[in-house]
Amino acid sequence: PPDVSYLLNPQNACYQACSTLAGLQHTTTRFAIKFRSDEYYTELGGVLERLHRDPFRILSGSVYFRRDAQHKFHCGDHIIAGDRQILTRGFRRVLTTCETMLPITAGNLQPLPEQLITRGLLLAKGEQPLLANSRELMMRHFAPLSLQMFGKFSCRLHVHKKGQVSRDYIYEDDRNKINSTGKC
């Protein structure tokens, strides 16, 4: 991974862009599905069916997908599926943004990684992501997917025990373990 000490890297967005690009560079299929490495799903048939039905839309998991009134240009980044070439161009733009923008030190001015990804994907599709057209662009180009369509779900859970953090996977299909922030 690159040295990110001088890069814009909110919540490791630069690392996410690098690892996603590395995976996409080894992919030869028309479509690609990107997951977080600490999550596991057993069923992808519904996603693949949806991609074939609507090949130009970016499908995103509902975890962290936000309404326009909450956050502009905010798809979920736990699961992203779509045309491989668009995803590749989009994540390349995210990486370029991280490498060329200076880190923002003021509190709430830091862009969220989901927003960097959404904007990168829209630019890859030839759109100009302006605040005035955010709702229209999100509705035209993105679709949130319910976790229910991914079969059984497991997630690496961070449990604090006496000053240590242990990481164990949840192997039951209990989506109630995801709290309101979208974290396991």
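**Contacts, cores and ring pairs in a predicted model**

Among contacts (heavy atoms within 4.5 Å) in the chain between residues at least 6 apart in sequence, 67% join residues at least 24 apart. The structure is a predicted model, in which local features need pLDDT of at least 70 and side-chain atom pairs count only at pLDDT 80 or more, whereas totals for chains, interfaces and linings use all residues. Residues are numbered from 1 along each chain as its sequence is written, and side-chain values use heavy atoms, with hydrogens and water left out.

The average pLDDT of the chain (the predictor's confidence in each residue, from 0 to 100) is 82, and 79% of the residues score at least 70. Over residues 169-184, however, pLDDT stays under 50, and for this stretch the model has 38 contacts beyond four places in sequence. Where pLDDT is low, the predicted coordinates should not be read in detail.

The secondary structure comprises five helices and seven strands, taken as DSSP runs numbered from the N terminus, with helices being H or I of at least four residues and strands E of at least two. From the N terminus on, these elements follow the order α-β-β-α-β-β-α-α-α-β-β-β. Of the 184 residues in the chain, 43% are buried, where buried means under 20% relative accessible area, exposed over 50% and partly exposed in between, with a 1.4 Å probe and protein chains only. The chain exposes about 10500 Å², of which carbon and sulfur atoms supply 51%; accessible areas come from the Shrake-Rupley method with a 1.4 Å probe, and for residues only the protein chains shown count as cover.

The largest nonpolar core (a set of buried Ala, Val, Leu, Ile, Met, Phe, Trp, Tyr and Cys residues joined through side-chain atoms within 4.5 Å) has 28 residues, and those with the most contacts inside it are Ile 80 and Phe 142. At least two residues of this core are supplied by each of helix 1 (13-25), helix 3 (84-100), helix 4 (113-124) and helix 5 (134-141), and the largest share, six residues, comes from helix 3. When its neighbours within four places in sequence are left aside, Phe 142 is in contact with Arg 57, Ile 58, Phe 65, Cys 75, Thr 118, Leu 121, Leu 122 and Leu 137. Apart from this core lies another, of 13 residues, among them Phe 31, Tyr 41, Ala 81 and Leu 147.

A search of the whole structure finds three aromatic pairs, the criterion being that rings of Phe, Tyr and Trp (its six-membered ring) have centres within 6.5 Å, with planes under 30 degrees apart counted as stacked, over 60 as edge-to-face and the rest as tilted. The rings of Tyr 41 and Phe 150 have centres 5.2 Å apart and planes at 55°, so this pair is tilted. Because Tyr 41 lies in strand 2 (residues 39-41) and Phe 150 in the loop between strand 5 (142-145) and strand 6 (153-161), the pair ties together parts that are 109 residues apart in sequence. Tyr 41 and Phe 150 are both buried, and ring pairs link them with Phe 35 into a cluster.

Positive phi values in residues other than glycine occur at Asn 12, near 65°, and at Phe 73, near 50°. Asn 12, in the segment before helix 1, is partly exposed, with a relative accessible area of 42%. Phe 73, in the loop between strand 3 (58-61) and strand 4 (79-83), is buried, with a relative accessible area of 1%.
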